[in-house]
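Q: I am new to this structure and would like a close look at a single part of it. Please take me through the place where the ligand sits, step by step.

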Amino acid sequence: MDARYKTREIERRSLDVDGLKRSFLEWLVYSVGKDARAATRRDWFHTVALSVRDRLVDRWMDTTRRYYQEDAKRVYYLSLEFLIGRLLTNSLSNLGIMEECRQALDRLGLSMDEVIDAEPDAALGNGGLGRLAACFLDSMATQALPGYGYGIRYEFGLFEQRFEHGWQVEYPEQWLQFGNPWEFPRPEVLYPVQFYGRVEEFRDSVGEKAYRWVDAERVLAMAYDTPVVGYSGETINTLRLWSARATRDFNFGHFNDGAYMKAVEQKVLSENLSRVLYPNDATETGKELRFKQEYFFTSASLQDILRRFLQHHNNFDDLPSKAAIQLNDTHPAIGIAEMMRLLVDQHAVRWDRAWDITRATFAYTNHTLLPEALEAWPVRMVERVLPRHMQIIYEINARFLNRSKARAAGDNARLARLSLIDERGDRRVRMGNLAFLGSHKVNGVSALHTDLMKQTVFADFHQEFPDRITNKTNGITPRRWLKQANPALSELITSRIGDGWIHDLGQLTSLVEKADDVVFREEFRRAKRKNKKRLAAYIARQTGVEVQVDSIFDVQVKRMHEYKRQLLNLLHAVALYNEMRDNPMVSWVPVTKIFAGKAAPSYHMAKLIIKLINDVAKVVNHDPAVHDNLKIVYLPNYNVTAAEIIMPAADLSEQISTAGLEASGTGNMKLALNGALTIGTLDGANVEIREHVGSDNIFIFGLTAEEVADLKAGGGFNPREVIASNPSLKRALDMISTGVFSPEDPNRYHPILQALTDGGDHFLVTADFADYCRAQEAAMELYRDPEEWTRKAILNTANMGWFSSDRTVNEYAQEIWEVKPVRAVDDGGEGFR
Ligand code: OX2
């Protein structure tokens with residue numbers, strides 16, 4: 001071997017400080033093309049990322065080879081969203097070379113924090129659903145499960161949120177502008193995806209009726225691969241994202257008739273498919289481009305999955321024992337029809353067999369019961385965009401309804417509900433029903449949500465298929481959400497119980513007894529305080545507001561949505577503001593209300609609530625009468641990177657959705673794991689958090705899901721009466737409606753007041769207000785006793801181990817996917833730690 005190549009080879013693998021430093025310098029010069037004097041922070045980030053990437057590639061290829069050689073059963077996680085965030089700290093930390101890297105940079109006179117800060121935040125998702133997908137990737141790799149993520153490589157991720165005069169304004173998020181050092185373009189991994197055209201019927205070789213999809217437009221899907229580093233670096237899985245490329249099969253007719261430019265233009269437009277992430281969280285837009293995105297990435301992924309399968313097999317009967325396909329919500333549900341098309345039309349598999357194979361391969365996760373989020377595409381559009389799929393959906397439906405008819409015994413209403421087609425109004429394809437029918441397992445994301453699925457949206461399907469619905473309560477990765485985000489607490493924990501918790505979070509229960517240890521409590525408080533200082537500095541930088549580190553950091557960070565009830569939190573803030581002004585002699589517990597979260601650009605009510613929070617903040621933060629005992633801040637542009645600073649610093653975690661409407665929540669888990677006490681309703685995973693941390697260590701308030709359902713069934717309630725009987729609520733609402741917070745436009749908030757009164761207060765803000773205030777008072781009272789507060793905070797951290805996404809992913813692996821870990825054979829200690 002060439003000697004020079006050999007030294008590079010060694011350098012490439014070396015994980016010590018000198019080796020890292022040498023490789024940084026080499027990368028800077030030979031790949032980034034700068035010398036150390038001219039290099040910017042961004043150049044250094046690229047340099048470091050590329051050097052780290054070098055150290056992944058061998059392990060990555062080993063992993064892929066291992067799966068291939070063992071012909072392991074793979075899991076394919078199909079998701080329109082992966083909310084990844086930054087990857088540098090994640091890679092360094094999972095490889096165990098964080099300190100070495102810091103020192104190597106130090107020797108070059110560089111600050112590691114600045115290098116880390118130069119990485120853009122990959123926001124290829126909206127919120128919980130996309131972040132869950134990213135946590136699952138981490139957990140699959142950590143547990144050596146052969147898991148692949150499949151999605152879209154959006155050129156523009158979730159918009160950047162800025163505030164202009166307190167209003168949310170959206171800016172494009174150009175995360176790829178300076179290149180992405182983590183991805184490997186695969187120009188040779190290219191699949192055609194078709195749209196439009198028509199279906200032709202013909203007779204196959206044995207004289208049976210068959211169909212072909214002709215005259216369609218074609219787009220190409222090109223793969224970009226990102227390595228997914230598991231903890232310890234033993235297993236490195238793949239996230240494969242598709243980018244749209246125009247085909248080059250020009251119609252030569254166009255050249256002759258002078259329409260060349262038009263033809264090219266058309267081709268260029270086809271690349272819009274992977275241009276931008278739709279910015280709606282748990283609501284659908286019903287746009288054709290969105291439907292095409294869904295089919296685009298699903299079709300490319302299935303073609304890729306079948307290609308991989310066919311390398312080893314020629315009998316599709318084996319597919320379910322070699323591939324599990326998980327549908328992250330209904331976004332990839334068209335995959336059911338696509339799999340049928342690929343099997344029946346392209347591989348000549350008989351319908352019944354194809355259906356059994358499809359169902360045994362697919363599983364579907366439902367993430368919400370909100371009616372506005374249940375996808376239903378107009379039949380006319382599906383027919384036009386995917387004519388063959390529409391036929392296939394009709395065929396699936398006909399066979400299913402035929403079978404069910406016998407059991408339904410003339411109950412036509414029931415058959416209408418089971419149908420894949422909603423016949424009311426303009427006919428629509430119900431993607432949830434398609435996903436349910438085409439899957440062998442269907443799961444909810446918390447115990448309560450799964451029960452409600454059985455009772456509500458999927459009640460009829462649950463009767464038809466009583467074994468199909470199963471619960472898989474969400475989880476979060478402890479690597480990113482404790483080890484990386486909260487070094488202060490991580491180090492404290494490791495100093496007492498070792499570092500086994502990083503891959504086995506249940507070990508945190510050993511901390512339970514430490515809750516009674518004064519010294520440990522003191523250290524726990526010190527770690528929290530350090531994190532609060534870091535957040536206070538961040539708040540000052542982002543908003544200019546100075547907050548007291550000793551105040552309660554009362555945190556509500558999540559998408560802005562009426563059902564999440566940021567408005568309830570804000571009304572409490574106004575009530576508290578009034579009380580503080582009325583009673584200046586009382587020694588108030590200082591409170592900092594911290595909000596963050598984006599609103600969908602077309603969700604006017606959500607944007608108005610953001611403006612209201614900013615308006616109230618302006619008044620309260622400048623009022624000398626409250627003596628700085630109350631501050632309100634709205635942090636702009638909430639994303640994974642911001643969450644990593646916020647979660648570790650919170651004292652109080654706001655999880656206050658109208659019961660029955662938040663499927664699970666995962667921010668609730670991140671906050672409690674980092675030692676925040678939850679104030680929340682019995683909704684989503686809050687119910688299970690209470691079971692784990694103990695009802696003494698959580699503030700529960702409000703109507704239960706059952707009470708909410710009964711209230712609605714009984715015709716609702718009268719919010720005006722509730723308001724009239726609660727002076728503090730009435731006063732807060734009066735102030736908002738008379739323009740105390742918006743003197744320049746006193747009527748600005750009438751839509752909000754309208755919704756709370758004549759609108760019927762759909763989300764029960766007024767109904768839960770009094771009990772919420774009671775719970776807030778209890779929290780403030782407890783905060784006066786730091787020892788007792790800390791004891792409860794420790795018990796939260798100690799008992800949150802069950803909420804690791806390792807546990808969640810294991811449940812999926814065993815009960816839905818039937819996949820097993822594929823571990824590396826011992827490499828004689830040469831590999832990563
Ligand atoms: C979210 C749900 O709203 C949230 O409760 C859940 O924790 C998260 O998914 C992960 O399961 N879009 N986002 C969600 O649902 C949909 C649809």
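A: In this predicted model, a good place to begin is the backbone of Ser664, where an N or O atom lies 3.0 Å from an oxygen atom of the ligand. Taken alone, the ligand exposes 400 Å², and the protein buries 95% of that area. Ala663 also takes part through its backbone, with an N or O atom 3.3 Å from an oxygen atom of the ligand, whereas Asn474 uses its side chain, in which an N or O atom is 2.8 Å from a ligand oxygen.

Turning to the surroundings, 15 residues lie around the ligand, and those that come nearest are His367, Asn474, Glu662, Ser664 and Gly665. By character, this shell divides into six nonpolar, six polar and three charged residues. Domain 2 (71–86 + 121–188 + 222–242 + 279–471) and domain 3 (485–702 + 766–802) each supply at least three residues of the shell.

As for the space itself, rolling a probe the size of a water molecule over the atoms shows where empty space is left. The count comes to eight cavities of 30 Å³ or more, and the space taken by the ligand is the largest cavity. This largest cavity holds about 750 Å³ of space, and its lining is made of 46 residues, of which Gly127, Gly128, Leu129, Asp281 and Lys564 lie nearest its centre.

Key:
Residues numbered from 1 in each chain as written. Predicted model: local features only at pLDDT ≥ 70, side-chain atom pairs only at ≥ 80, totals over all residues. Heavy atoms only, no water. Near = heavy atom within 4 Å. Polar contact = N/O pair within 3.5 Å; in protein donor to acceptor, adjacent residues only side chain to side chain. Areas by Shrake-Rupley, 256 points an atom, 1.4 Å probe, with all protein chains shown as cover. 1 Å grid on protein atoms, 1.4 Å probe; cavity = no way out; pocket = protein on both sides within 12 Å on 5 of 7 lines; lining within 4 Å. Sits in = over half its atoms within 2 Å of the grid points. Nonpolar A, V, L, I, M, F, W, Y, C, P; charged D, E, K, R; others polar. Domains from an automatic or database assignment. Points joined across faces, edges and corners; volume = space filled by probe spheres on them.
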